[in-house]
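Biologist: Could you take a close look at one spot in this model for me, and then work outward from there? Take your time, and keep it chatty.

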Amino acid sequence: MSKSKYQTMGQQFGRRSWAEPWKIKMVEPIRMISKEDRQKAAAEAGYNTFLMRSEDVYIDLLTDSGTGAMSDRQWSGIMMGDEAYAGSRNFYHLENAIQTYYGYKFIIPTHQGRGAEHLISQAIIKKGDYIPGNMYFTTTRLHQELAGGTFVDVIIDEAHNPTAQHPFKGNVDLDKLQALVDKVGAKNIPYVSLAGTVNMAGGQPVSMANAKELREFCNKLGIRVYLDATRMYENCFFIQEREAGYQDKTIAEILLEFCSYTDGAWMSAKKDNLVNIGGWLAVNQADVAEKARNMVVVYEGLHTYGGMAGRDMEALAIGIAEGVDDDHIASRVRQVRYLGKLLLDWDIPIMEPIGGHAIFLDAKRFYDHLSQDLFPAQTLAAELYIDSGVRAMERGVVSAGRNPETGKHRYPALELTRLTIPRRVYTQAHMDVVAESIKNIFDTRKQTKGLKMVYEPEYLRFFQAKFEQIK
Ligand code: F0G
């Protein structure tokens, strides 16, 4: 858990460049199909990047979820899979890794993050409950709603403003939380849903001070705090970089302290934990663990595999330890920043400060002539694909869905197109190509007229909705 003893070349020679702490051993060819074919592919996919074939994509920035490259060590772990139905040795490695690095007591494996969200939501939310959180995430909120709860956003106001320069835009506003307690009563709030970093706010971090204050606040009222730990390693990097007193602590030390202010966590291991599939739930209360274990066998698999193969759990156990490495996280966040800075140099509007896993183009400012009813963020993702085969993701009015009570679109303050950087996959040259393509569509933006939704599914509509171009 110590800080790296190795210097980068740049540090040795007094420059400030950095480089990835790995070299490439195996490559996967990619290619850009012709402009004509890209136009055809976009139209066939209903201008929804989720409906495209990955073979038609050149640089895939749809998500950082399950798209990372595993290390030679993780691949060796794959060969060590113990595919026993019950009590696989790989489960115990996984349990040990989560207990060591995150510090929680009881571990329940799941097939991915939303499997864990389902378990925790069903285990502790009762009908009519309120679940405050630092901005919603699509699957998290849906599971809270399906369990009978109502999500209430209690993130600080700065998080909804794409240009506000706050070092910890993911923080919980304790006044908003207090107001909710006053309105609905602490007994109707089973837990605070805390995410670090906050995906929908642009990958913005939560400070250690805020986590600590939140814990003290909740202790007084008997409210629990559960953490969405999906990108906590990146959150810890920002604490190390920005919060007084943490500069000399390792990411692993910061992580343990942060988690100690929470009662448990759910995890999409497909992000920070460096695997292509997997998830887990970890809690400190035996009664919650018992409820979750009762359900995991119904929905996921036995409580010692939860939908994962033994080999997946081994790769995950190794990925947990690799992902928390200081040099790994620093290079990961710096690559995201490299892309962001290229765009800022060209005055292209992005969410600031630059977050941990992605660059979020501010589609409201990018297409300031398009109203939200014309789906500017969806439009931007489609235009980017047509220009260069780069695949991005909408995080705006389509992702926000409809209000379950009124049936109307929810109009989020943030209308963003996410360029999500997979871990250990692309080089700086790929980032240059992406930036140049965005510059091109920015320069021709006034010709763009937006999209019309022609098919809308009931749940998580952004995944499968279809659109037509407005001519
Ligand atoms: N929580 C956060 C913060 C996430 O970003 C995700 C997934 C989940 C939970 C659900 O996990 O996909 O393993 O079931 N985010 C992906 C993304 C889909 O692209 O941001 P999952």
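Modeller: Let's start at Leu-460, which is partly exposed, with a relative accessible area of 22%. Keep in mind that this is a predicted model. The backbone is what drew me to Leu-460: its phi is positive, about 40°, although Leu-460 is not a glycine. Leu-460 sits in the loop between β13 (451-455) and β14 (466-469).

Tyr-47 is another residue to look at for its phi, which is positive at about 55° although Tyr-47 is not a glycine. You'll find Tyr-47 in the loop between α2 (35-44) and β1 (59-60). Its relative accessible area is 10%, so Tyr-47 counts as buried. Gly-389, which follows α15, has a positive phi as well, near 75°. Helix α15 itself (residues 376-388) runs for 13 residues and reaches 18 Å from its first C-alpha to its last, close to the 18 Å expected at 1.5 Å a residue. It's mostly covered too, with 13 of its 13 residues buried.

While we're on the backbone, check omega. The peptide bond from Gly-196 to Thr-197 is cis, with omega near -15°, and Thr-197 belongs to the loop between β5 (191-195) and α8 (208-221). Glu-352 and Pro-353 are also joined by a cis peptide bond, with omega about -10°. Pro-353 lies in the loop between α13 (326-345) and β9 (358-362).

Pro-353 takes us to the domains. The assignment gives domain 1 (6-60 + 326-469) and domain 2 (72-323), and their centres, taken over C-alpha atoms, are 25 Å apart. On the contact side, 35 residues of domain 1 meet 45 residues of domain 2. Between them the two domains bury about 3000 Å², 55% of it on carbon and sulfur atoms. Within domain 1, Pro-353 is joined by Ile-329 and Arg-423 as the residues that lose the most area to domain 2, together 19% of what that side buries.

Arg-423 turns up again around Lys-271. Leaving out residues up to four places away in sequence, Lys-271 touches Asp-64, Ser-65, Thr-230, Arg-231 and Arg-423. UniProt, in an unreviewed entry, lists Lys-271 under "modified residue: N6-(pyridoxal phosphate)lysine". Lys-271 is located in the loop between β7 (264-268) and β8 (279-283), and it is buried, with a relative accessible area of 12%.

Now for the packing. The largest nonpolar core has 63 residues, and those touching the most other members are Tyr-102, Leu-214, Leu-227, Leu-255, Phe-258, Trp-280 and Ile-320. Both domain 1 and domain 2 give residues to this core, so it lies between them. There is a second, separate core of 30 residues, with Ile-350, Leu-384, Leu-419 and Ala-435 among its members. Back in the largest core, try centring your view on Ile-320: not counting residues up to four places away in sequence, Ile-320 touches Leu-94, Ala-97, Ile-98, Tyr-101, Tyr-102, Tyr-233, Asn-273 and Trp-280.

Terms used:
Residues are numbered from 1 along each chain as its sequence is written. This is a predicted model: local features need pLDDT of at least 70, side-chain atom pairs count only at pLDDT 80 or more; totals for chains, interfaces and linings use all residues. Side-chain values use heavy atoms; hydrogens and water are left out. A nonpolar core is a set of buried Ala, Val, Leu, Ile, Met, Phe, Trp, Tyr and Cys residues joined through side-chain atoms within 4.5 Å. Buried means under 20% relative accessible area, exposed over 50%, partly exposed in between (1.4 Å probe, protein chains only). Domain bounds come from an automatic or database domain assignment. Contact means heavy atoms within 4.5 Å. Helices (H or I, at least four residues) and strands (E, at least two) are DSSP runs, numbered from the N terminus. UniProt positions are given in the numbering used here, feature names are shortened, and annotations may be inferred rather than shown by experiment. The expected span of a helix is 1.5 Å times one less than its number of residues. Buried area is the accessible area (1.4 Å probe) that two parts lose on being put together, summed over both.
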